[in-house]
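Let's take a relaxed walk through a protein model with two chains, from the big picture down to single residues. Have a look at it first.

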2 protein chains.
Amino acid sequence: MTDEPEKSPPTAAHDLSADDVGLVVARDFVHRQPFTFKSGQVIPEFSLRYETYGKLNATRNNAILICHALSGDHHCAGWHTPNDRKPGWWNNLIGPGKAVDTRRFFVVCANVLGGCQGSTGPASSHPETGQPYALRFPFVTILDMVRAQKLLLDHLGVTELHGAIGGSMGGMQALLFAIEFPRFVHRILAMATTARESAQAIAFNEVGRQAIMQDLAWNRGDYPKEGGPKVGLAIARMMAHITYVSDASMDRKFGRRKKENAPSDAYNFDVQFEVESYLRHQGQTFINRFDANSYLYITRALDQFDLAQAYGSLENAFRPVTAESLVVGFTSDWLFPPEQNRQLALALLRSGKSASYAELSTDLGHDSFLLESEELYALVRQFLERGQPPTVDHSL
Amino acid sequence: MTDEPEKSPPTAAHDLSADDVGLVVARDFVHRQPFTFKSGQVIPEFSLRYETYGKLNATRNNAILICHALSGDHHCAGWHTPNDRKPGWWNNLIGPGKAVDTRRFFVVCANVLGGCQGSTGPASSHPETGQPYALRFPFVTILDMVRAQKLLLDHLGVTELHGAIGGSMGGMQALLFAIEFPRFVHRILAMATTARESAQAIAFNEVGRQAIMQDLAWNRGDYPKEGGPKVGLAIARMMAHITYVSDASMDRKFGRRKKENAPSDAYNFDVQFEVESYLRHQGQTFINRFDANSYLYITRALDQFDLAQAYGSLENAFRPVTAESLVVGFTSDWLFPPEQNRQLALALLRSGKSASYAELSTDLGHDSFLLESEELYALVRQFLERGQPPTVDHSL
């Protein structure tokens, strides 16, 4: 997910009467029981930071889970303060009257287990020792993320999901929800994702991890909270950012434009091109909000994602699924290319499941799923209407 | 250019009777006069390391210049010793009876100015101070590389080029040869290249430079000969390598195969996948043969390459060209995509030049121009036959 550079300093409060969920508060779900990871490793307890928008209806059948991508978090809609520079990362999709209509749906989004935005992860302290887990944190898989979120949904009194929606790593989570909790989930919407991480995607993740782990400040994962391998993390992020966009979109947005005040005859290694300045900004803002060990853990979870390998075959993986599914690919996504999304939908169909595939033409690359698109909104809106509509509780 | 991992230790001498140029010796051309760069900066002298194969004929019209890419060098054919693990990097294309037939052509290839394989570059010592130039080396452009090679050709008694051939940065050099020395060059063959570096390509270069410059061992370019920012350079190379191949070729070559001896339940950050091991190998072999400052200088030269900007317009740039040109794009090249090659040929045609464009179907990515391809060999062979053939000097 892209960090957009701030366009102007925040001067006035946002118009919170606009059609979004307005001011929201993040909460913590603390699961005070041991949690066993897929690896067999156990932590004595964990917590997930989450947000909800809209209300759970009396029949408890209007819940939608939003699953975030590698660098996302629980804050997917609304504003934390009137002076926030940006709303939640999927604010264009989620809100009253929007594609995911918070007047009708109870929307839940949690920072994943292993994350660093408030949920338990490598940067958290072990409750007994008080020391950060760092590399002593168990190795996390997408399945672990999903199981932890299921415990949160149980805690919230959610007995079924009208839908699970996510892009990229979020799409992987939606798929695993439908596989692991089949009767619990009625619809999954997986965008810009894959049934297995490709060699190229693993390769990019590995370069990012090497940039972090070769930074001396990494210190095998033991670094102070405000320190750590900032340089390596920024480089990992700069590189990853290129994979989230596209040749065409970078060309349109920056082309070969020189940075303002960059002398036209500058023969040096400082910033000359706007695209360089933008990338450096991406790296710098990321290190202020993301933990390097979390980056290692979550990219490894992505690498390990391979449904066919985990369940014997894709057909085996999908056998228990009862949810209807919609898979959406984006033509210019070269991280999880359309073909991988198409194959995913095909495998669901081959397994006798109700699956649709939509391919949206865009030149904005992998991050297309996050960006404004009336076409995508219409798809999401219609998909959520399919089959049994949730009870609308007019008293809410 | 890819470093292939050694498949087996060298045990026997290669069969030098095979149809290649056999044992070759690199030579140094020392230009003992000041050289003025495009930037206006001057060095008191420079040298280029080069190789030649075949013989210059009596009429001196059978010379072909081979121009190398970012990480290439002067050693493009034959073997330095009978026990070399690999021949020169374009040995499949160049040799007796091959597409660039050394029984007919006098082939010249030099390490570029600014390089680190024997030619003068940032790692060279200033002849007066005896200290390495490091960042005191003038900023290099592709034009500077071309002008230095022209001085070498003059020195060798080459009065005209039957052809200039190169891929990637080598293609840029071939283009500039035709523009700057129009009557000197009869044919240019530019593959997997562009008329200007795209924003995405600049972005990848910038991440590589940041990896190097943020490595503390870089020390603003002043590092001991055997030291320097090895970690940063390896990371830059690992990332760049991904851009030289393709999603499909990595998938075929490595897929999700685990490294031999990697326990299947390994939940850690060591090498698990073969593709990780391969990339680390790419990084490690590169740091033993490449200078980090050279990497900065040459990637900056690539970024600065923009024919339209340098000459006012592409039409202006190409106006003086008299050479026939063949531009070759490769379908899976996403660093210098087919479209950029096609546009280049189109601009040559629009300028009234004799230009052809060929697009070869391959799923091997940017490095396709370096790999075995009977289709490419046939194109090269036929292109070199076009128009006035060089005198064949049977006495040679």
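Of the 396 residues in chain A, 57% are buried. Here a residue is buried if 20 or more other C-beta atoms lie within 10 Å of its own, exposed if 12 or fewer, and partly exposed in between, with the C-beta atoms placed from the backbone.

A quick word on the ground rules. This is a predicted model, in which local features need a pLDDT of at least 70, side-chain atom pairs count only at pLDDT 80 or more, and totals for chains, interfaces and linings use all residues. Residues are numbered from 1 along each chain as its sequence is written, while chains are lettered from A and ligands numbered from 1 in the order in which they are written.

**Chain A as a whole**

Chain A has eleven helices and twelve strands; these are DSSP runs numbered from the N terminus (helices are H or I with at least four residues, strands are E with at least two). Its radius of gyration is 21 Å, close to the 21 Å that the globule rule gives for 396 residues, so chain A is as compact as a globular protein of that length. That radius is taken over C-alpha atoms, and the rule is 2.2 Å times the number of residues to the power 0.38. Along the principal axes, the C-alpha atoms of chain A fill a box of roughly 65 × 50 × 45 Å.

Now for contacts, meaning pairs of residues whose C-beta atoms, placed from the backbone, lie within 7 Å. Among the contacts in chain A with a separation of 6 or more, 73% link residues 24 or more positions apart.

How sure is the predictor? Chain A averages a pLDDT (confidence in each residue, from 0 to 100) of 93, and 92% of its residues score at least 70. Over residues 5–12 of chain A, though, the pLDDT is below 50, and this stretch has five contacts in the model beyond near neighbours in sequence. The model scores ipTM 0.92 and pTM 0.94.

**Where the chains meet**

The contact takes 39 residues from chain B and 39 residues from chain A. On the side of chain B that touches chain A, the helices H3, H4, H5, H6 and H7 of chain B each supply at least two residues. H3(B) gives the largest share, eleven residues. That side of chain B divides into 22 nonpolar, seven polar and ten charged residues. For this count, Ala, Val, Leu, Ile, Met, Phe, Trp, Tyr, Cys and Pro are nonpolar, Asp, Glu, Lys and Arg are charged, and the others, Gly among them, are polar.

**A helix under cover**

Helix H2 of chain B (residues 169–180) should span 16 Å at 1.5 Å a residue, and its end C-alpha atoms are 16 Å apart, which agrees. The expected span is 1.5 Å times one less than the number of residues. Eleven of the twelve residues of H2(B) are buried, including B:Met169, B:Leu175 and B:Phe177.

**Three residues to find**

| Residue | Where | C-beta atoms within 10 Å |
|---|---|---|
| A:Tyr357 | strand S12 (residues 355–360) of chain A | 18, partly exposed |
| A:Arg220 | loop between H3 and H4 of chain A | 9, exposed |
| B:Arg60 | loop between S4 and S5 of chain B | 15, partly exposed |

A:Arg220 has a positive phi of about 50° although it is not a glycine. B:Arg60, also a residue other than glycine, has a positive phi near 55°. A:Tyr357 and A:Arg220 are 137 residues apart in sequence and 43 Å apart in space, C-alpha to C-alpha.

Definitions and conventions:
Two residues are in contact if their C-beta atoms, placed from the backbone, lie within 7 Å. pLDDT is the predictor's confidence in each residue, from 0 to 100.
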